[in-house]
Every structure is written in structure tokens, then in C-alpha cells.
Amino acid sequence: MAAAAQDIEVRKAEFLFGAPALDAIRRHPLPEVAVIGRSNVGKSTFINRLCGRKQLARVSGNPGSTRELNYYQVEVERGGEPFKIALVDMPGFGYAKLSKAEREHISGLSVSFLQARQALRVVILLNDCRRLPEADERAIQAVCAREGIHCLIVVTKIDALRMSERVQSVRGVSQGYGLEEGDVLVTGEGISPEAVWQRILLLIG
Ligand SMILES: Nc1nc2c(ncn2[C@@H]2O[C@H](COP(=O)(O)OP(=O)(O)O)[C@@H](O)[C@H]2O)c(=O)[nH]1
Ligand SMILES: [Mg+2]
């Protein structure tokens, strides 16, 4: 069956460096995939699940704790063929308890990152299933479109909803981005990292 050739395995995942500003990003030869979204949406958890590691990225019940761009080098193998990428955990935006200046710094950093990184191929924009996309999320989607960066929407924490509420939630979030339900990926307890990797590798080409 063709499915066997598409088996995906994460071979290696390791922290590379943290960068508080764009000019602190170290040189590296890898295509970049950035994970971005509101503070506490589940970015670090998503990265850990994607990489099959429990504690690669720090998960925190404390919103607003990541202020740096954290780089991870990930090596995956698809049907025996190796791919290496740099996965970037971005500082979460929209955290109300930060000062206005700090929030503006984080939004500014995210937008400049999207505009400046030549190696950036895919943005994975996370959206909590219990909120509709707001101006911040739509701005990121728009900057990606303008810059020619693939923007993959992932709906998080679906396990926090009752079964009967899930379909409606995914539909609402998708519509908020002007997308069909089939265009977004959904994660929760039962996330399939393989499905996410398939999409990433398809977009990277
Ligand atoms: N129920 C549920 N909780 C989650 C999920 N993903 C993350 N969380 C929780 O949400 C909080 C924030 O997660 P974290 O990954 O640190 O979010 P980040 O700030 O976006 O990096 C933590 O308490 C996680 O345990 C999920 O899929 N389902
Ligand atoms: Mg985090």
C-alpha cells in the first residue's frame, strides 16, 4: 500500500538556541517552520507532540512565559527519505497582563520575523477551539499571504469540548479564516503527528 511509503518518523529533535530579537537568530542552513499563536493556545504542547518528545519545549500553565524565538532542529524521515527543518516556537501574542509596550514588542517581532526570514516556508497558526480568530490572527494570515508563506491553521484543545460541540467549533474557526473545515487541522488528545508532518512536508515540497 502507498501508506507505508508515507510513514513518518521523527529521528531527532533538539533545542538549537533562543533569540530575543531578530538579529540574535543564528545562521543555519535549514528551512524554517514557525509555530505562532495567542499566549497559552498550546504552542509548546503542539511542538512536543509533533516531535514525540515530552519536554522539548517548555509547557506552562503560566501565560506569557515565552518571550524569545526558540529554535529547534528536527530531523524527520518519510519513506526512508530524511528532511531537516528548524521549528520555531514564537512568543505568544495577546497576553493581557503584559504591558502595552511589551505586547507591541512581541507583535512587532512576529511581523518582522514573517517579513524578514527568507528561509521561512510555513507558518503554523494555532487557534483555540473555544475562540474565533481575532485581529491578531487575521493579521498574521494576511502577512503570510502577502509574503508568500504557507499558513496552516491548527485548531487546538478540541478535547476541552464535548463531542457534540466539536464540529460546530471547527466550522466556526475555519469560517473566521475564510477557509473550509477540511483546510484546517485539529489537535487535542488524539492528535496525529503524522498528519501534521504530511502537511508540512507537502507545503515545503
Ligand atoms: N485540554 C488541553 N489542554 C492543552 C492542550 N494543549 C495545551 N494545553 C494546555 O494549555 C496550557 C498552555 O499550553 P502551552 O503549550 O504552554 O501553550 P503556549 O503558551 O502556547 O506555548 C497548558 O496548561 C497545557 O497543558 C490540548 O490539546 N488540550
Ligand atoms: Mg510556549
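## Around ligand 1

In this predicted model, 13 residues surround ligand 1. Five of them come nearest: Asn-40, Lys-43, Thr-45, Lys-157 and Asp-159. By residue class, the shell holds six polar, five charged and two nonpolar residues.

## Polar contacts to the ligand

Two side chains approach oxygen atoms of ligand 1. Thr-45 places a polar side-chain atom 2.6 Å from an oxygen of the ligand. For Lys-43, a polar side-chain atom lies 2.8 Å from an oxygen atom of ligand 1.

Asp-159 meets a nitrogen atom instead. An N or O atom of the Asp-159 side chain is 2.8 Å from that nitrogen of ligand 1. The protein buries 77% of the ligand's area, which is 580 Å² when ligand 1 is taken alone.

## Helix H5

Helix H5 covers residues 163-176, 14 residues in total. Does its length fit a rise of 1.5 Å a residue, or what span would that give? 

 At that rise, H5 should span 20 Å. The C-alpha atoms at its ends are 21 Å apart, so the model agrees with the expected span.

## Packing and the end of H5

Which residues of H5 are buried? They are Ser-169, Val-170, Gly-172, Val-173 and Ser-174. The buried residues of H5 pack against three strands: S5 (120-128), S6 (150-156) and S7 (185-186).

After H5 comes Gly-178. The phi angle of Gly-178 is positive, near 70 degrees.

Key: Residues are numbered from 1 along each chain as its sequence is written. Chains are lettered from A and ligands numbered from 1 in the order in which they are written. This is a predicted model: local features need pLDDT of at least 70, side-chain atom pairs count only at pLDDT 80 or more; totals for chains, interfaces and linings use all residues. Side-chain values use heavy atoms; hydrogens and water are left out. A residue is near a molecule or strand if one of its heavy atoms lies within 4 Å of it. A polar contact is a pair of N or O atoms within 3.5 Å; within protein, one must be able to donate a hydrogen and the other to accept it, and residues adjacent in sequence count only if both atoms are side-chain atoms. Accessible areas come from the Shrake-Rupley method with a 1.4 Å probe; for residues, only the protein chains shown count as cover. Ala, Val, Leu, Ile, Met, Phe, Trp, Tyr, Cys and Pro count as nonpolar, Asp, Glu, Lys and Arg as charged, and the others, Gly among them, as polar. Helices (H or I, at least four residues) and strands (E, at least two) are DSSP runs, numbered from the N terminus. The expected span of a helix is 1.5 Å times one less than its number of residues. Buried means under 20% relative accessible area, exposed over 50%, partly exposed in between (1.4 Å probe, protein chains only). Contact means heavy atoms within 4.5 Å.
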